[in-house]
Structure formats: C-alpha cells, structure tokens
Amino acid sequence: MSTAEARTRPAWKVWAVVAVLVVVVAGLLHAWRNTNVLTADRLCGGLISTEQADTVLPGSGRLDTEGDGLDKDLTDTVCRVEKSSVVLGADESELTLRVWALQGNEIFNADANLSETSFFSGAVTGGVDSYKGWALLPENCWTAKQPVIVRLSVSEVISDRNAFAALTTDTARAVAAGAKCGDLPERPGTLLPPVSDEARPITQGQACGLEGLTMRGQVPAGTEVLEAGQKAPVDVWSCKLTLDDETNGFVRANGFMKYVASRDPQLLAAVRKAPGTSRGKTPDGREAEIVDKGVGFILPCADGGPLYLAVESGQQYLEASKRHHDLPKRDAYVAPFTKAAAKTFGCAAPTG
C-alpha cells in the first residue's frame, strides 16, 4: 500500500463517522422537535396530562407550555400548551387552561353554546362543546362568594368530546389536588349530548320536549320555531328556541328563548351562592328560592331533590319585540315553562 493510500483511508473513516453522527444528531433533533419522547408526563406544573393533551390537539408535533402551574391565587392560574412541528405544512394548535371564579348562576354562561353542549354530572360536573370544556371544582376550592371552575379551550374544533371531557376532568382533579381543596375522579361520568347536531322544528305542545310547552301565540305569526338542546329529563339540561326568520349573525345565533334546568347537587350549591338569592314566588305562583333577583329560581320538590330553572330571552326576542308590539312580555314565557319543566323533571308537586 502506498503512503498516499495509507493517509487517505483513515480520513475516509473519519468522515464516515462524522456523517453518521450528523445523521444521529439530526434524528434526535427531529424527534425532540416533532414528538414528545423527551417531554415530561405532565405539563403546566403537573396540571395537564401530556398524553391527553397530545390526543386532543390535532396533528403531530411537540408540546410546549407557557405557564408554571397553580398561581398563589388559584383563580389567577393560566397556562397555554402549544403543539407545533418543523415539518413542512404542519399546523399549530393551542390549548389554554384557566381557573375562573364566577357567579353561581353564570356557570352555564361559561359555555355560550349551551344547546350544543354535552354535559356530564355526578362525582364531577361540567360540559364540553365544540371549542371548550369546563368542570366545577369541589366547594372547598371556591372563594367566599363564588364557585370556581376549570376551563380548557382549544383553537381547533374538538373532534372527540369524550377525550376532551376526560382531559378537563383530569385537569380539574390535578388543580384541586394541588390546591389541597378536594378530590375529584380522573374521568367524568357519561356525556349527555344534544339530541341532534342541527336545530329542528318544535313539536307544538311539546317544545323542547316538555309536555305542555307551546309557542302558539307566543311568536310572530307565520314564523317557524326551531329547538336545540339535550333530551329531558337529565340532571343538567338546556334548550334554545330560535326563530327561523330574516335575522342572522349574532342575533340569530343568540336565539329567541333559552331554558335551563338542573337537579345536579353541585350546580345547585353553586347557584345558591349568587348574590341577592332570597325566598319568593315564581311567575306561576310557586314558592321558590329566587336566584339573583329573578334570573332563575330553585323549586322545592315533594319527590327527589330541588330543581333549578332559568329562562333568558335572546337577541331575537329583543328584535322581535321592537317590530311586533303585541309580542308577550318575558314573564309570559316563564310561567308555562316552569309548569312544563316541573312536570317533566318530577317536580310537579311542591313540598308542603
């Protein structure tokens, strides 16, 4: 072998080793930036499961967080989880965790699309719609005046509500455990979805599935009424009535009338913390606990626990009342709903 050959061979081997190292390092960098093989099991200071967050956020990529976990003030807790990849064409998605204190009767309003929500109740109470989920924390986690919820929202439409409900519940469990204020299960109970994905025409005399509830004479003549919500009776229920008229955008989306009913003990406890709650009478004359000066009311029932009912008029009602001066006042929609809902939810007879 010539002197030149002896010098060349070792140099070739060195470059081969260098090439292999480059490939290995590049592979490790790719794995680190596009997968979670080196990521901790839980994110946001232990509040969010990495595996569950990876499941609910679409696509592939690495999870990065902004936030350190529980704040000294529980209700100031915020954390964001972003899923991103350097792979060409890969999209970014984001999950945001917030811990909120809010007025008891506003818990339902934490989810603006009640009629499109899948609720769960029992050991833990909450709901999931197209972009967010929430779960009520145990009472020991609440502030002196307000209940507290854990809320998770995402930037993309939720494709698996069961998986998102599980993530929401597990996160609420971690928040309660970290704050040492209560115990929650790792998974929620059975989700109660809306009857259908699209609003559907009401059945006269049984609007929202409530026997005896009618919209005849209660809406502008010749206007069809659509309903959307869960099947009654269940522990957490809502229904939105929408006029199929010329309105659109926010006005149409906000609906005509929105009804809520619940026998869930945790929600009832939360509602009772609303300021101004006092003894009184419903529009149909029944004794009740009036919540926040009339927003809703809690009926005592001879059978089973109490029943919370609430009625809210939507933007369509406000618009229609401007154009149709003979449209009934809001209370005219409350009394028949109270009677029909009480019958459907097993509270037709008040306590003595």
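A residue counts as buried when its relative accessible area is under 20%. In this predicted model, K83 is a handy case to start with: its relative accessible area is 2%, so K83 is buried. Its salt-bridge partner is D54, and the closest N and O atoms of the two sit 2.8 Å apart. This pair links distant parts of the chain, with K83 in strand β4 (residues 78–84) and D54 in helix α2 (residues 50–56), 29 residues apart. D54 comes out differently from the buried K83, because a relative accessibility of 29% makes D54 partly exposed.

That pair belongs to a wider set, since the structure holds 12 salt bridges. As a rule, side chains of opposite charge can pair when their charged atoms come close. Another salt bridge runs between E227 and R200, with 3.6 Å between the closest N and O atoms. Here E227 is in strand β11 (residues 225–229) and R200 is in strand β10, so the bridge ties together parts of the chain 27 residues apart in sequence. E227 is buried, at a relative accessible area of 8%. R252 and D244 also meet through their side chains, at 2.9 Å from N to O. In this pair R252 is partly exposed at 25% relative accessibility, and D244 is partly exposed at 37%. Elsewhere, R42, D170 and R173 are joined into one network by salt bridges that share partners.

Turning to the sheet, 8 strands line up in the order β10-β11-β12-β13-β17-β16-β15-β14, making an open, antiparallel arrangement. At its edges are β10 (200–201) and β14 (278–281), each of which pairs on one side only. β14 is joined to strand β15 (residues 287–291) by 4 bridges in the antiparallel sense, and S278 has I290 of β15 as its bridge partner.

Two helices go with this sheet. α6 lies across β12, β13 and β17, and runs at about 35° to β12. α7 packs on the sheet too, touching β12, β13, β16 and β17, and its direction makes about 150° with that of β17. α7 covers residues 331–344, 14 residues in total, and spans 20 Å from first C-alpha to last, close to the 20 Å expected. Its buried residues include Y333, V334, F337 and T338. In helices generally, there are 3.6 residues a turn, so residues three or four places apart point the same way. The buried part of α7 packs against α6 (315–323) as well as strands β12, β13, β16 and β17. Just after α7 comes G346, with a positive phi near 75°.

Finally, there are the disulfides, of which the structure holds 4. One joins C44 to C79, S to S 2.0 Å, and this link is left-handed, with -80° about the S-S bond. C44 sits in the loop between β1 (42–43) and β2 (48–49), while C79 is in strand β4, 35 residues apart. Both C44 and C79 are buried. A second disulfide is formed by C208 and C239, whose sulfur atoms are 2.0 Å apart. Its S-S torsion is about -75°, so this disulfide is left-handed. It connects the loop between β10 and β11, home of C208, with strand β12, home of C239. C301 and C347 make a further one, S to S 1.8 Å, and both are buried. Counting the bonded cysteines in sequence order, the pairing reads 1-2, 3-4, 5-6, 7-8.

Note on methods: Residues are numbered from 1 along each chain as its sequence is written. This is a predicted model: local features need pLDDT of at least 70, side-chain atom pairs count only at pLDDT 80 or more; totals for chains, interfaces and linings use all residues. Side-chain values use heavy atoms; hydrogens and water are left out. The expected span of a helix is 1.5 Å times one less than its number of residues. Buried means under 20% relative accessible area, exposed over 50%, partly exposed in between (1.4 Å probe, protein chains only). Contact means heavy atoms within 4.5 Å. Two strands pair if DSSP finds at least two bridges between them. Axes are lines fitted to C-alpha atoms, for helices over the stretch in contact, and angles run from 0 to 180 degrees between N-to-C directions. A salt bridge is a side-chain nitrogen of Lys or Arg within 4 Å of a carboxyl oxygen of Asp or Glu. A disulfide is a pair of cysteine sulfur atoms within 2.5 Å.
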